[in-house]
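The questions and answers below concern helix packing and the pocket of a single protein chain. Please consult the sequence and the structure as you read.

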Amino acid sequence: MKRVFLDANIVLDLLDRQRPGHAAALLLEEALEADQSNCLCAWHTLSIIESVGAKVFGKEEMLKILRELLASWVVPSTGTEA
């Protein structure tokens, strides 16, 4: 099992069908699922995803999407609670 760190652009490509990288992000998602990889993202990536995604999906829908992602993804700690 691999741990794969995803940045905001990859996550946004995965979520938004209108983005040019959407098809490639779907292929990546399939490969990660087949390999049973753990997806990770930085805590500050979540605010970027929320901010950009809310413009596409609306604030409430974006929060729902983030909750779903956080149910299976890992947000590594940075060494301090702050």
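Q: Which residues of H2 are met by Ile10, Asp13 and Leu14 in H1?
A: This is a predicted model, in which local features need pLDDT of at least 70, side-chain atom pairs count only at pLDDT 80 or more, and totals for chains, interfaces and linings use all residues. Residues are numbered from 1 along each chain as its sequence is written, and side-chain values use heavy atoms, without hydrogens and water. Contact means heavy atoms within 4.5 Å, and helices (H or I, at least four residues) and strands (E, at least two) are DSSP runs numbered from the N terminus. On the H2 side, the partners of Ile10, Asp13 and Leu14 are His22, Ala25, Leu26, Leu28 and Glu29.

Q: How are H1 and H2 oriented to each other?
A: Axes are lines fitted to C-alpha atoms, for helices over the stretch in contact, and angles run from 0 to 180 degrees between N-to-C directions. The axes of H1 and H2 come within 7 Å and cross at roughly 100 degrees. Angles under 35 degrees count as roughly parallel, over 145 as roughly antiparallel, 65 to 115 as roughly perpendicular and the rest as oblique. H1 is therefore, relative to H2, roughly perpendicular.

Q: How are H1 and H3 oriented to each other?
A: Helix H1 (residues 8-15) packs with helix H3 (residues 43-57) at an angle of about 30 degrees, their axes lying 9 Å apart. Because of that angle, the orientation of H1 to H3 is roughly parallel.

Q: How many charged residues does the contact of H1 with H3 have?
A: H1 contributes Ala8, Val11, Leu12 and Leu15, while H3 contributes Thr45, Ile48, Ile49, Val52, Gly53 and Phe57. Ala, Val, Leu, Ile, Met, Phe, Trp, Tyr, Cys and Pro count as nonpolar, Asp, Glu, Lys and Arg as charged, and the others, Gly among them, as polar. The contact of H1 with H3 has eight nonpolar and two polar residues, and the number of charged ones is no residues.

Q: How are H3 and H4 oriented to each other?
A: The axes of H3 and H4 come within 8 Å and cross at roughly 140 degrees. H3 and H4 are therefore oblique.

Q: Which element gives the most to the lining of the largest pocket?
A: A pocket, on a 1 Å grid over the protein atoms alone, is an open set of points where a 1.4 Å probe fits, with protein on both sides within 12 Å along at least five of seven lines; lining residues have an atom within 4 Å of a point. H1, helix H2 (22-34), strand S2 (38-40) and helix H4 (59-72) each give two or more residues to the lining of the largest pocket. With five residues, the element that gives the most is H2.
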